[in-house]
Amino acid sequence: MRHSSSNKIVHTRAAARTEEGRFHVTPIARELLAQSLAPFGRSSTLPAEAYTAESVLRWEQEHFFDRSWVCVGRADGLSETGDQRAVSLGRESVLLVRGEEGSLRAFYNVCRHRGHELLPVGGEACGKYVRCPYHAWAYGLDGELRGAPGFGKPGGDFQREGRSLAPMRVVEWHGWLFANASGDAPPLEEHTGNLGELLENYTRDGLVVAARHDYEVEANWKILAENYHECYHCSSIHPELCQVSPPNSGGDNLEPEGAWIGGPMDLYDGVETMSLDGRSHAPNLPGLADGQDRKVYYFQLFPNLLVSLHPDYVMTHRLTPLAPGRTHVECEWLFSREAVEKEGFDPSYASDFWDVTNRQDWHACESVQRGACSRGYRRGPLSPREDAVYQLITMVAKGYLEVRVSRPASRTAEPIG
């Protein structure tokens, strides 16, 4: 929440040369992307098919989700040995498991017998074994096959060796879990760049999820992200937000050294945090530096994690595309353990404020989605206050051309020919 030509929808794919010199198919023709990659002030939004075409979403799921690092939730939801959770990941689903001695593992959510899902997406379990609900094949927490009913005793004709669950890369970062389905993404440190340094003061002492809301929004996941990155719309649709934070505040976005975008906004004098009355009902996070109690930072770690840093809590939106025009949003509010364990603590002062604001945003995003589906849609210019939207759009357009997740373009970047 920070801050032309006729658009006949053409489902055109074009070949683009990668840095390695190989040609790959892009989801949208190169000439249609040139407008979006023009220097800031002369660029436009993405073509409509970026938000509406099934073929574009399939491409994004393969290249932006399967082949990159995707946030799959918080690690503290898998705190005990034997905890298991299945999460959607692009075109795949991943089974997360907390193993012996606290080890974290991830597996493709597929039984080695007939391919049944080990848990439904969103499902959770806890036990000494991972058990397929179809034919009761059982696996250890390390993924090794331990039991296959009806196949005889170990040592017979049926061999358990070589039938372990297929592993997937998983990394814990500042308390969030990230998985890479393809197995060939660059190290997570390259993906996150310097964002971890900016989060450190907020996360160093650990955070606890105190509230969660789930939404299903009838809009493309990128429309939600674009909306998050600008407050140009705030005066029009967010009266509550404008009471606690100047909608034109914050200045320039921070300089990313990874696949992220974002920057700060200010709090009004006398306002303690983003809440309906501007008051906080929790202590500030203990690691803050001077001045961080007067700002709220809004970051997107591409593709699917939005992180909003407040003086007293951290809010996240985790985006899961369900269809070109439909996105599941998991919104969580995280506080210090000190706050959560205090008698009478109630996180609703934060979650109520953002639930009101979220729903205002979802209404606007759904309207934008309907507009993108219209024959009357034309690609529009970006205002000077939509520089973070420009960075996101260039990240997406460059990704289409380079067939990989890349950093956003600078606002002063030369056009990409």
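Which element gives the largest share of the lining of the second largest cavity? Keep that one in mind while I walk you through the empty spaces in this structure. Oh, and before I forget: this is a predicted model.

Okay, so how do we look for gaps? Rolling a probe the size of a water molecule over the atoms shows where empty space is left. Back to my question, then. The answer is β17, which supplies three residues. The second largest cavity holds about 70 Å³ of space. Besides β17, the elements that each put at least two residues into its lining are α3, β3 (70–74) and β4 (83–89). If you want to find the spot on your screen, look for Gln 61, Phe 65, Val 70 and Cys 71, which are among the lining residues. Ser 88, Leu 89 and Gly 90 are in there too, and so are Asn 304, Leu 319, Thr 320 and Pro 321. Sorted by class, that lining has six nonpolar and five polar residues, and no charged ones.

Now the largest cavity. Its volume is about 80 Å³. Twelve residues line it, and the ones nearest its centre are Tyr 228, His 317, Asn 358, Asp 361 and Trp 362. Two or more lining residues come from each of α6, β17 (314–323) and α10. Here the biggest contributor is α10, with four residues. The classes split into eight nonpolar, three polar and one charged.

You'll meet α10 again in the second largest pocket. How many residues does α10 give to that lining? Four, and that's the most from any element. This pocket has a volume of about 480 Å³, and 22 residues line it. Nearest its centre you'll find Thr 45, Glu 226, Glu 230, Val 368 and Glu 386. Alongside α10 (348–372), both α6 (221–228) and α7 (234–237) supply at least two lining residues each. By class we have twelve nonpolar, six polar and four charged residues.

Let's move on to helices. Two packed helices are described by the angle between their axes and the distance between the axes. My example is α3 (residues 54–66) against α11 (residues 387–402): the angle is about 85 degrees, and the axes are 11 Å apart. That angle makes α3 roughly perpendicular to α11. On the α3 side, Val 56, Trp 59, Glu 60 and Phe 64 make the contact, and on the α11 side it's Val 396, Gly 399 and Tyr 400. Five of the contact residues are nonpolar, one is polar and one is charged.

Next up, aromatic rings. The model has 21 aromatic pairs. Take Trp 260 and Phe 299: their ring centres are 5.5 Å apart and their planes sit at 85 degrees, so we call the pair edge-to-face. The two partners come from distant parts of the chain, 39 residues apart, with Trp 260 in strand β14 (residues 260–266) and Phe 299 in strand β15 (residues 295–301).

Two backbone oddities to finish. Where is Pro 303? It's in the loop between β15 and β16 (305–309), and the peptide bond leading into it from Phe 302 is cis, with omega near 5 degrees. The other one is Glu 101, in the loop between β5 (92–98) and β6 (104–108). Its phi is near 55 degrees, which is a positive value in a residue other than glycine.

That's my tour, thanks for listening!

Conventions:
Residues numbered from 1 in each chain as written. Predicted model: local features only at pLDDT ≥ 70, side-chain atom pairs only at ≥ 80, totals over all residues. Heavy atoms only, no water. 1 Å grid on protein atoms, 1.4 Å probe; cavity = no way out; pocket = protein on both sides within 12 Å on 5 of 7 lines; lining within 4 Å. Points joined across faces, edges and corners; volume = space filled by probe spheres on them. Nonpolar A, V, L, I, M, F, W, Y, C, P; charged D, E, K, R; others polar. Axes fitted to C-alpha atoms, helices over the stretch in contact; angles between N-to-C directions. Parallel < 35°, antiparallel > 145°, perpendicular 65-115°, else oblique. Contact = heavy atoms within 4.5 Å. Phe/Tyr/Trp six-rings, centres within 6.5 Å; stacked < 30°, edge-to-face > 60°.
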